Amino acid sequence: MPERPTQEVSGASAGWNGSAPSRVVVCRDCCCGSPKVTGIDHAAQTARLRAEVPVRISDCLDVCDQANVIVVQPSAAARAAGARPVWLGLVNDADATEDILTWVRAGGPGAAPQPDILDLYAFTPPRRRAER
């Protein structure tokens, strides 16, 4: 099984002073963030996210059929109240990126309603098998 997120949170996270409503994990490995997904400037997408919210870059999340994948993680308080991460796939245009940013700035999962437009991108990841 591939490694889980490997790079530290970066970008705007330094300015959040611990009060970030949530953060995003951006898959950037075998398919996501590669020339396999055309029509999007992957570096610009990542830079745009980093300019506004805490971002963590991940190795492959094993859902390549949904590339580009972004996982919106709830804040600690929202997670403690039962909120779960929201997986968004096929995030391949600037408008979708802006919709995600708007939601995260409003509080993200468990703190702000998910915009209806993001229902088009939301998916349930397959269950992971334990390594043996």
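Of the 132 residues in this protein, 42% count as buried. The model is a predicted one. With the whole chain displayed as a surface, the accessible area comes to about 7,200 Å², and carbon and sulfur atoms account for 51% of that area.

Switch next to a cartoon representation. The protein has 4 helices and 6 strands, and, followed from the N terminus, these elements run β-α-β-α-β-β-α-β-α-β. Contacts may then be drawn over the cartoon: among those in the protein with a separation of 6 or more, 73% join residues 24 or more positions apart.

Now select Val 24, Ile 70, Val 72, Leu 88 and Ile 100. These are the residues with the most contacts inside the largest nonpolar core, which has 19 residues. Colour the elements that give two or more residues to this core: strand 2 (22–27), strand 3 (54–58), strand 4 (70–74), strand 5 (86–88) and helix 4 (94–106). Helix 4 gives the most, with 5 residues. In soluble globular proteins, nonpolar side chains tend to be buried together.

Centre the view on Leu 88. Which residues does Leu 88 touch, not counting residues up to four places away in sequence? Asn 68, Val 69, Ile 70 and Val 72 are among them, as are Ile 100 and Leu 118; Tyr 121, Ala 122 and Phe 123 complete the set.

Finally, select Cys 31, Val 37, Ile 40 and Ala 67. They are among the 13 residues of another core, which lies apart from the largest nonpolar core.

Key:
Residues numbered from 1 in each chain as written. Predicted model: local features only at pLDDT ≥ 70, side-chain atom pairs only at ≥ 80, totals over all residues. Heavy atoms only, no water. Core = buried A, V, L, I, M, F, W, Y, C linked by side-chain atoms within 4.5 Å. Buried < 20%, exposed > 50% of the residue type's maximum accessible area, 1.4 Å probe, protein only. Contact = heavy atoms within 4.5 Å. Areas by Shrake-Rupley, 256 points an atom, 1.4 Å probe, with all protein chains shown as cover.
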